[in-house]
Amino acid sequence: MIKEEQNPTGPVLTAAESRRRVLHNMCSSLLYNLSVILFGLLLPRLYLTSFGSELNGLDSTIKQIFSCLTLLEAGVGLASQQAYYLPVAVGDRKAINGIFSATHHYYRRTGIVYLLVTVVFALLYPLCINTVLSYGTVSLIVVFYGIPGIVSYLVQGKYRSFMEVEGKNYVITYITTATMAAGNLLRMLALLFTRSILLVQMTYCVPSVFQVLVLTAYMRKNYPWLNAHDTPNLEALAQRGSVLVHQLTSIVFNNTDTILISSLCGLASASVYTIYMLFFSNIEKLFYSIVNSISFRLGQLFYVEPEKFKRLYRLYDALYLSAAFALFTTVAVFLMPIIALYTAGVTDAEYLDTRLLVLFTAVELLFSAKQPSGMLLNISGRFEETRQQALIEMGINLLVSVVSVLRFGIAGCLFGTLAAHLYRYTALILFTRTKVLGESPVGDFVRLGVNGLLCVVLLYLLGFDRCYGGGYRMVCLKGALFGLWVLPLFLVVNAVLDWHNVDTLRGLLHTLTIKKGATEEKHDAE
């Protein structure tokens, strides 16, 4: 349960500054994800036309391998983020520096290991593949991919978790977006006007190093009191091993479906799965970039104002669930015509499958439903007590997917994901409501059931074949208009389920109005 801890110095973050940081986090995250989606659609096409499928496959493979190396972080980032919440909320610089120093210690060690792994990878990988490129060229491509990660671990890693809790993650996100856009634009120019694959890869490397220099300069100017050489509080990061278990199971959970489908059902089926996943994952990124921008403030309140945290968390949970169900209900109604347009002329696989659309929608809804509890788990730091849940979730996903995919194809993998999500949602709700908040979990199950029933009724009444024959613009416009009445419908239903949230929202809006009026009066007087 939440400990009734006293705030010895008072909150160091004003309500106005908190709102400003939330807004910046939303805008920066939205801009970043839109950029990722845009360049993710453009660059593979240029790679294919400039260098062919072999180089595109090599680039994708190296990128995938380096993404797996994030496990070298060993859970330090999330563990230090959780440890920061209380000292940041009360402005305890001594405690902050202890955690900062410990984080620096682990990231420096990780950076050295990452450097060694990159060197070994660059030396051995060219021997393991059959390609027309020379040994030296492939080795340099690997090195260019590895340099940003090395510099990030050695310099940038220690800043990220602190800035997350400080509510200034937008600083890192803005810098990352700018350097990513610059790097990708340079890469596009290199792809269009040169035949040098090494020059193309250098355009990926150089802006990332520049990003670290800019962030370091910002931190030294705005946080000169941060000291990476203070006495490290290694005990604060004692749960990094349990965090690693959660992260490892998440990586396995999220990367097994494509492998299973391509191995057991064929590459054509894997392509169908990838197309549905492309749309749902991109929509998911945009949605979560907006709704997760407030997590830093909730994390601080958890430790210094527990009763206020409970009220705001219940409101956040209800609004989150309403928005998620409204969004993915709308996606389910209007996505099939989009996929029909996107795959027009492709006849080597059947992409229009209503059963898959329903299953993907169900997966997204369950995934969304467990996100607030997952955030509460991260804030409270109860990683060791719940790591068995993560292992069981991974086991259920693998077992049900392997058994089902042989009989049901792509749908079998989605059955496995659904079963795992259902288990983890139940386990998370039971744990966080009873052990962390000290409340009954019954309301959460009722709310999920009612929202799910409303979604099913809407899909049954409206169907999945709306807007066939129209273009992208028409389908998106009708989808937006549809969402304008579906979102209020879910909001009203969830308000009826828990009227206390309406009181909390009314009080919050009243407080904001009073403070805004007081600020305007002060400006008039001046």
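Start with the cysteines. This predicted model holds zero disulfides. Select Cys 413 and show its sulfur: Cys 413 is in no disulfide, and the nearest cysteine sulfur, that of Cys 265, is 6.8 Å away. A disulfide here requires two cysteine sulfur atoms within 2.5 Å, so this pair does not count as one.

Stay on Cys 413 and turn on the surface. Is Cys 413 buried or exposed? Cys 413 is buried, and its relative accessible area is 0%. Next, select Cys 455, which is also buried, with a relative accessible area of 4%.

Now select Asn 397, a residue that touches Cys 413. Asn 397 sits in helix 13, which covers residues 383–408. Its relative accessible area is 0%, so Asn 397 counts as buried.

Which residues does Asn 397 touch, leaving aside those up to four places away in sequence? Show Phe 253, Thr 256 and Asp 257, then Cys 413, Gly 416, Thr 417 and Ala 420. Within this set, pick Thr 417 and display its backbone: the nitrogen there lies 3.4 Å from a polar atom of the Asn 397 side chain.

Finally, zoom out to the whole protein and colour by secondary structure. There are 17 helices and zero strands. Of the 526 residues, 49% count as buried. Switch to the accessible surface, which comes to about 24,900 Å²; carbon and sulfur atoms contribute 66% of that surface. If you draw contacts with a separation of 6 or more, 84% of them are accounted for by residues 24 or more positions apart.

Conventions: Residues are numbered from 1 along each chain as its sequence is written. This is a predicted model: local features need pLDDT of at least 70, side-chain atom pairs count only at pLDDT 80 or more; totals for chains, interfaces and linings use all residues. Side-chain values use heavy atoms; hydrogens and water are left out. Helices (H or I, at least four residues) and strands (E, at least two) are DSSP runs, numbered from the N terminus. Buried means under 20% relative accessible area, exposed over 50%, partly exposed in between (1.4 Å probe, protein chains only). Contact means heavy atoms within 4.5 Å. Accessible areas come from the Shrake-Rupley method with a 1.4 Å probe; for residues, only the protein chains shown count as cover. A polar contact is a pair of N or O atoms within 3.5 Å; within protein, one must be able to donate a hydrogen and the other to accept it, and residues adjacent in sequence count only if both atoms are side-chain atoms.
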